[in-house]
Amino acid sequence: MATLIPRNKLNECGSRPEIHKYGVYFLFGINEDKAKPIAYVGETDDCFIRLKDHNRKKEFWNYAVAITSKSDIFTKSHVKFLEYISVKTAKETGRYDLENLTSPPKEHISESMEADLLDNFETIKVLLTTLGFPIFDEIRSNTSTAKEVLYCRGKEAIAQGELSDSGFVVFKGSKANAELTKTAGTWIEGIRKKLIDSNIISLQGSTYIFNEDYVFGSPSAAAAAVLGRRANGWTEWKNSEGKSIDEIYRAETLLTDEN
């Protein structure tokens, strides 16, 4: 089971028996100076005691999620394996900057236990995404086709991306204009600075290159970061046929209404 714990409600949660168990836990927070949110993954034999310790020693987090077994089947080996696979997968997806300084080793367990725990992990992925922490979700859709790819062009900028459940994904290798316009404004300047400071983009020649897939909160934020100016992403991002997101959306709406 998953227990969502706001940091300011931690003491009140101490009366809940489910967080005084073996479990794997996640701390989530936001770094205003970085482009990605922050997370920490850990395991313990008593989630509440460990979270109380992190409340004293770690500043970054606002929410914790404790994953425990309703039927008390988790042992130290169970939660150590879940910690291992959680850290490994979070690093692979790259949605969050991990506060974990090292990667835990893989626990030696039987094949049958590993299969059961991998099934548990799939449930954890769904639970965390449902709670608003998609730490394990792939940034780029594995089922996207060339027809669904969207393009944003301007001056030297040539970017590719796609709409996602989390916002808008700009693909690795996309090029962004190096210079911001005089009317870009502090919002766009802030976006660009975070991307540079987090090494999401780096200057190569006369353009910035995206070093990895990156999720923006909206098509407009993605277009503004690519073009270096204020932009309406619903008209700037277009498919291979030259239709904007707005045109594609309207066409789909009309077809739905007709049916």
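1. The cover over the buried residues of helix α3 includes strands β2 (23-30), β3 (37-44) and β5 (97-98), together with helix α4 (111-130). This assignment, like the points below, refers to a predicted model. The buried residues of α3 are His 78, Val 79, Phe 81, Leu 82, Glu 83, Tyr 84, Ile 85, Ser 86, Val 87, Thr 89, Ala 90 and Thr 93. Polar side chains thus need attention alongside the hydrophobic ones: Glu 83 and His 78 are both among the buried positions.

2. Helix α3 itself spans residues 76-93, a run of 18 residues. From its first C-alpha to its last it reaches 26 Å, close to the 26 Å expected at 1.5 Å a residue. Gly 94 follows the helix, and its phi is positive, near 75°.

3. Thr 89 may serve as a specific case within α3. Its relative accessible area is 13%, and because the cut-off for burial is under 20%, Thr 89 is classed as buried. Once neighbours within four places in sequence are set aside, the contacts of Thr 89 are with Phe 121 and Phe 136. Phe 121 falls within the range of α4 (111-130).

4. Beyond the helix, Tyr 96 is located in the loop between α3 and β5. Is Tyr 96 buried or exposed? With a relative accessibility of 10%, Tyr 96 counts as buried. Not counting residues up to four places away in sequence, Tyr 96 touches Phe 28, Lys 36, Pro 37, Ile 38 and Ala 39, and also Gly 132, Phe 133, Pro 134 and Ile 135. One of these partners, Lys 36, is 60 residues from Tyr 96 along the chain, yet their C-alpha atoms are separated by 5.6 Å.

5. The sheet is open and consists of five strands in the order β1-β4-β2-β3-β5, with mixed pairing. Its edges are formed by β1 (2-6) and β5, each of which pairs on one side only. Helix α4 packs on this sheet, where it touches β1, β2 and β4. The direction of α4 makes about 30° with that of β2.

6. Within the sheet, how many bridges join β2 and strand β4? The two strands pair in the antiparallel sense over seven bridges, β4 comprising residues 61-68. As an individual example, Tyr 25 has Ala 66 of β4 as its bridge partner.

Methods: Residues are numbered from 1 along each chain as its sequence is written. This is a predicted model: local features need pLDDT of at least 70, side-chain atom pairs count only at pLDDT 80 or more; totals for chains, interfaces and linings use all residues. Side-chain values use heavy atoms; hydrogens and water are left out. Helices (H or I, at least four residues) and strands (E, at least two) are DSSP runs, numbered from the N terminus. The expected span of a helix is 1.5 Å times one less than its number of residues. Buried means under 20% relative accessible area, exposed over 50%, partly exposed in between (1.4 Å probe, protein chains only). Contact means heavy atoms within 4.5 Å. Two strands pair if DSSP finds at least two bridges between them. Axes are lines fitted to C-alpha atoms, for helices over the stretch in contact, and angles run from 0 to 180 degrees between N-to-C directions.
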